[in-house]
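Please look at the sequence and the model shown here before reading the notes that follow. The briefing is meant for a reader who is new to protein structure.

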Amino acid sequence: MRCVKRYPRLIAVALALCLALAPTARAAEAATGIRLKPQQLYPGIRAAIPESFAPMTAEMFVLKYGSASRKTTRAFSDAQSAASIVFDLSPEAEEPALLRERTLRRLQSDPAIRGATASQSTVSGRPAVVFEFESMALDTSVFNILFFIRVAPQTTLVGNFNCPLGMAAAWRPTAREVLASIAIDR
């Protein structure tokens with residue numbers, strides 16, 4: 001009780017933070033224990049996507065990503081379109097080390113991006129470059145996993161998982177599972 005009398009402002013701020021973060025905590029809690037379901041993305045390319053995700057509507061895609069062009073794009077999101085994953089096939093192929101260096105430099109120089117990290121690995125036996133970072137949307141901070149996987153000499157699978165930063169703790173392991181589940185039989 002002494003604490004309340006001595007630090008009323010601190011207690012008020014802590015209570016306000018708890019109330020403000022409660023919806024985010026409930027959303028993150030709901031995202032735990034996520035089951036994945038195999039999906040055919042393209043001929044010879046599969047990934048396990050969260051069961052709760054559905055194909056993103058064209059309207060939501062334009063609202064969220066600002067582009068109507070979806071010829072080769074496969075986009076999935078949860079019911080609220082808060083968490084989503086997008087895949088695209090790019091006809092460009094750059095050496096993984098150069099791609100990692102160039103993209104990381106670009107991410108780190110963008111003032112709307114924080115905490116960018118990069119790693120090189122393999123996914124389905126193919127060279128892959130993976131970036132994790134926070135970015136700013138119009139109304140919130142966003143957690144992102146951006147990845148590039150060489151599919152063929154002149155084709156790269158590009159993907160991005162994102163969700164509000166407040167949901168990152170729950171979704172990060174699942175996003176990494178989705179990335180690890182990608183199977184390429186081309």
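What follows is a short briefing on this chain, beginning with its overall make-up and then going on to its sheet, its cores and its salt bridges.

This is a predicted model, and every value below is to be read with that in mind. The chain contains 5 helices and 10 strands, and 39% of its 186 residues count as buried. Its accessible surface comes to about 10,900 Å², and 59% of that surface belongs to carbon and sulfur atoms. If one takes the contacts between residues at least 6 apart in sequence, 50% of them join residues that are at least 24 apart.

**The sheet as a whole**

- Seen from one side to the other, the order of strands in an open sheet of 7 strands is β3-β4-β5-β9-β8-β7-β6, and the pairing is antiparallel.
- At the edges stand β3 (54-55) and β6, and each of these has a single partner strand, so one side of each is left without a neighbour in the sheet.
- Helix α4, which covers residues 96-109, packs on the sheet and touches β6, β7 and β8, and the direction of α4 makes about 170 degrees with that of β6.
- Helix α5 also packs on the sheet, where it touches β5, β6, β7, β8 and β9, and the direction of α5 makes about 5 degrees with that of β8.

**Strand β7 and its neighbours**

- Strand β7 spans residues 126-136, and 8 of its 11 residues are buried, so this strand is largely enclosed by the rest of the structure.
- On one side, β7 is joined by 9 bridges to the antiparallel strand β6, which spans residues 113-123, and one pair of bridge partners is T122 and P127, the latter in β7.
- The two strands β6 and β7 form a hairpin with 2 residues between them, and in its turn S124 has a positive phi of about 55 degrees.
- Strand β8, made of residues 141-152, runs antiparallel to β7 and is joined to it by 9 bridges, with M136 standing opposite S141 in β8.
- The strands β7 and β8 likewise form a hairpin, with 4 residues between them.
- From β8 the sheet continues to β9 through 10 bridges, again in an antiparallel arrangement, and V142 has P164 in β9 as its bridge partner.

**Strand β5 and its neighbours**

- In strand β5, 6 of the 7 residues are buried, so β5 is largely enclosed by the rest of the structure.
- Strand β4, which covers residues 74-77, is joined to β5 by 4 bridges and runs antiparallel to it, and F76 stands opposite I85 in β5.
- The hairpin of β4 and β5 has 6 residues between the strands, and S81 in this hairpin takes a positive phi near 60 degrees.
- Strands β5 and β9 run antiparallel and are joined by 7 bridges, with S90 standing opposite T156 in β9.

**The nonpolar cores**

- The largest nonpolar core has 31 residues, and those with the most contacts inside it are I45, F87, I149, L157, F161 and I182.
- At least two residues of this core are supplied by each of β1, β2, β5, β7, β8, β9 and α5.
- Apart from this core lies another one, of 11 residues, which includes L107, I113, A118 and F148.
- When its neighbours within four places in sequence are left aside, I45 has contacts that include L89, V151, L157 and I182.

**Salt bridges**

- The whole structure has 6 salt bridges, and one of them joins R102 to E94, with the closest N and O atoms 2.5 Å apart.
- Another salt bridge links E101 and R105, whose closest N and O atoms are 3.3 Å apart, and these two residues both lie in helix α4, 4 residues apart, which is about one turn of the helix.
- The side chains of E132 and R176 also meet in a salt bridge, at 2.9 Å from N to O; E132 lies in strand β7 and R176 in helix α5, so the pair ties together parts that are 44 residues apart in sequence.
- E132 is buried, with a relative accessible area of 16%, whereas R176 is partly exposed at 42%.
- E132 and R176 also belong, together with R172, to a network of salt bridges.

How values were computed: Residues are numbered from 1 along each chain as its sequence is written. This is a predicted model: local features need pLDDT of at least 70, side-chain atom pairs count only at pLDDT 80 or more; totals for chains, interfaces and linings use all residues. Side-chain values use heavy atoms; hydrogens and water are left out. Buried means under 20% relative accessible area, exposed over 50%, partly exposed in between (1.4 Å probe, protein chains only). Two strands pair if DSSP finds at least two bridges between them. A nonpolar core is a set of buried Ala, Val, Leu, Ile, Met, Phe, Trp, Tyr and Cys residues joined through side-chain atoms within 4.5 Å. Contact means heavy atoms within 4.5 Å. Axes are lines fitted to C-alpha atoms, for helices over the stretch in contact, and angles run from 0 to 180 degrees between N-to-C directions. Accessible areas come from the Shrake-Rupley method with a 1.4 Å probe; for residues, only the protein chains shown count as cover. A salt bridge is a side-chain nitrogen of Lys or Arg within 4 Å of a carboxyl oxygen of Asp or Glu.
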